[in-house]
Amino acid sequence: MDIVDNLKSLQLFDAYGNMLTDKQRECLNDYLINNLTLSEISQINGISRQAVNFNIKESLKSLQNMEEKLGFCEKCDRIEEVLESSMYHKDDIRKIMNILKE
C-alpha cells in the first residue's frame, strides 16, 4: 500500500471505523495506525496470517463501500478546500473540520 492509499484508508477508518466489527477494527488499527505486520497481528490475535490479510482487505472494502454510499470524506475534503480558499484563519478551519468529524 503506497502512502496515498494509506492516507485515504486512514481517513476512511477515522470516519467509518466505528461501523466495523470489533475484530475488523482491531486488525485495521494494528495495521494502519500501529504499523504492525500481518505476522505480528496474527500472533496477537491467534489467527493465521492469511486470515488477517483477508480481514484487512474485507474491512477496507467495507470502508470504501460506506464512503461510496455516504460520501462523508469527500464532502469534508470539498468543504476543507472551500474554507482554505476563503478568508478563514487556519485555526478556524481546523475547528470547523473537527466539528464536522465529530
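This report describes a buried loop residue, a helix pair and a nonpolar surface patch in a predicted model.

Leu20 lies in the loop that runs between helix 1, residues 3-16, and helix 2, residues 22-33. With a relative accessibility of 6%, Leu20 counts as buried, because the cut-off for that class is under 20%. Leaving aside residues up to four places away in sequence, Leu20 touches Phe13, Arg25, Leu28, Ser59, Ser62, Leu63 and Met66. The C-alpha atom of Leu20 is separated by 16 Å from that of Asn53, a residue 33 positions apart from Leu20 along the chain.

Helix 2 packs with helix 4, residues 49-70, at an angle of about 100 degrees, and their axes are 9 Å apart. Helix 2 is therefore roughly perpendicular to helix 4. On the side of helix 2, the residues that meet helix 4 are Lys23, Gln24, Cys27, Leu28 and Tyr31, and their counterparts in helix 4 are Asn55, Ile56, Ser59, Leu60, Ser62 and Leu63. Leu28, Ser59, Ser62 and Leu63 take part in this meeting of helices, and these residues are also among those that Leu20 touches.

Elsewhere, Ile3, Val4 and Leu7 make a nonpolar surface patch of about 330 Å². Ile3 is found in helix 1, and Ile3 counts as exposed because its relative accessibility of 64% lies over the 50% cut-off.

The two residues with accessibility values are set side by side below.

| Residue | Relative accessibility | Class |
|---|---|---|
| Leu20 | 6% | buried |
| Ile3 | 64% | exposed |

Technical notes: Residues numbered from 1 in each chain as written. Predicted model: local features only at pLDDT ≥ 70, side-chain atom pairs only at ≥ 80, totals over all residues. Heavy atoms only, no water. Helix = DSSP H or I, 4+ residues; strand = E, 2+ residues; numbered from the N terminus. Buried < 20%, exposed > 50% of the residue type's maximum accessible area, 1.4 Å probe, protein only. Contact = heavy atoms within 4.5 Å. Patch = residues over 30% accessible without salt bridge, like charges linked within 9 Å, V, L, I, M, F, W, Y side chains within 5 Å. Areas by Shrake-Rupley, 256 points an atom, 1.4 Å probe, with all protein chains shown as cover. Salt bridge = Lys/Arg side-chain N within 4 Å of Asp/Glu carboxyl O. Axes fitted to C-alpha atoms, helices over the stretch in contact; angles between N-to-C directions. Parallel < 35°, antiparallel > 145°, perpendicular 65-115°, else oblique.
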